[in-house]
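User: Please go through this structure with me, setting each label against its definition. I should like to see what every term rests on before it is used.

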Amino acid sequence: MGIHAKGIQLQMSDMQETPQFTAIAELTNIDGPGLTVPTVDATAHDMDWAEHLGGIPDGGEVTIEGNYLPASATQGATTGLLSNVGAGAIDFKVIFPDTAATTWEFSALVTGFTPRGPVADKLSFSATLKLTGQPTLA
């Protein structure tokens, strides 16, 4: 039996010596991290079949969407995601709504933040986090 996704959280660290993690407000979608291992072609001219090596693993990206609250401490330009675009790596946790509260912990750069305001719909946003280093599944 599957697990309902409602209740999943993305938490952001305040990056203090004893970090406090706070859930980013009103998320409607979380995708990722998307782990990949590129391949390196190691085929030589005297081989009959292509040979490949595993490259350097990449943590990929996490993309999120939510209801945009411009004054939110976790989304806004003062202390939130928007304030961290281009500011260096931040620690994050994705907490899944399973009975074990499984988490993915990772450092990431906030590489994009896009608010949207269609005339006949809600104010929303999307953001992209590029993982740096190896994520930890706990």
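Analyst: Two strands are said to pair if DSSP finds at least two bridges between them. Strands (E, at least two residues) and helices (H or I, at least four) are themselves DSSP runs, numbered from the N terminus. The model is predicted: local features need pLDDT of at least 70 and side-chain atom pairs count only at pLDDT 80 or more, while totals for chains, interfaces and linings use all residues. Residues are numbered from 1 along each chain as its sequence is written, and side-chain values use heavy atoms, with hydrogens and water left out.

User: Which strands does E1 pair with, and what makes each a pairing?

Analyst: Four bridges join E1 to E7, and the two run antiparallel. Within that pairing, Leu-10 stands opposite Val-94 of E7. E1 also pairs with strand E2 (residues 21-23), in the antiparallel sense, over three bridges; here Ser-13 has Phe-21 as its bridge partner. Pairing asks for at least two bridges, so the four to E7 and the three to E2 both satisfy the rule.

User: What secondary structure does the chain contain?

Analyst: The chain has zero helices and nine strands, and its pattern along the sequence is β-β-β-β-β-β-β-β-β.

User: Why is E1 described as largely enclosed?

Analyst: Buried means under 20% relative accessible area, exposed means over 50%, and partly exposed covers the range in between, with a 1.4 Å probe and protein chains only. Four of the five residues of E1 are buried, so the strand is largely enclosed by the rest of the structure. Across the chain, 28% of the 138 residues count as buried.

User: Why is Gln-11 called buried or exposed, and what does it touch?

Analyst: Gln-11, in strand E1, has a relative accessible area of 13%. The limit for burial is under 20%, so Gln-11 is buried. Contact means heavy atoms within 4.5 Å. Leaving aside neighbours within four places in sequence, Gln-11 is in contact with Phe-21, Thr-22, Ala-23, Asp-91, Phe-92, Lys-93 and Ile-95.

User: What makes the approach of Gln-11 to Gln-9 a polar contact?

Analyst: A polar contact is a pair of N or O atoms within 3.5 Å; within protein, one must be able to donate a hydrogen and the other to accept it, and residues adjacent in sequence count only if both atoms are side-chain atoms. The side chains of Gln-11 and Gln-9 meet at 2.8 Å, so the distance falls within the limit. A second case joins the side chains of Asp-31 and Asn-29, at 3.2 Å.

User: What else is known of Asp-31, and why is its exposure class what it is?

Analyst: Asp-31 belongs to strand E3 (residues 27-31). Its relative accessibility is 39%, so Asp-31 counts as partly exposed. Not counting residues up to four places away in sequence, Asp-31 touches Glu-61, Val-62 and Thr-63.

User: What makes a group of residues a nonpolar core, and which residues lead the largest one?

Analyst: A nonpolar core is a set of buried Ala, Val, Leu, Ile, Met, Phe, Trp, Tyr and Cys residues joined through side-chain atoms within 4.5 Å. The largest has 20 residues, and those with the most contacts inside it are Leu-10, Ile-64, Leu-81, Phe-92, Phe-106 and Leu-129. Two or more residues come from each of E1 (9-13), E6 (61-67), E7 (90-95), E8 (103-116) and E9 (124-137). The largest share, five residues, comes from E8. Leaving aside neighbours within four places in sequence, the contacts of Phe-106 include Leu-10, Val-62, Phe-92, Val-94 and Leu-129. In soluble globular proteins, nonpolar side chains tend to be buried together.

User: Which backbone features deserve attention in the loops?

Analyst: A cis peptide bond joins Gly-32 and Pro-33, with omega about 5°; Pro-33 lies in the loop between E3 and strand E4 (39-41). Met-15, in the loop between E1 and E2, has phi near 60°, a positive value in a residue other than glycine. Ala-101 lies in the loop between E7 and E8, and its phi is also positive, about 50°. Relative accessibility is 41% for Met-15 and 38% for Ala-101, so each counts as partly exposed.
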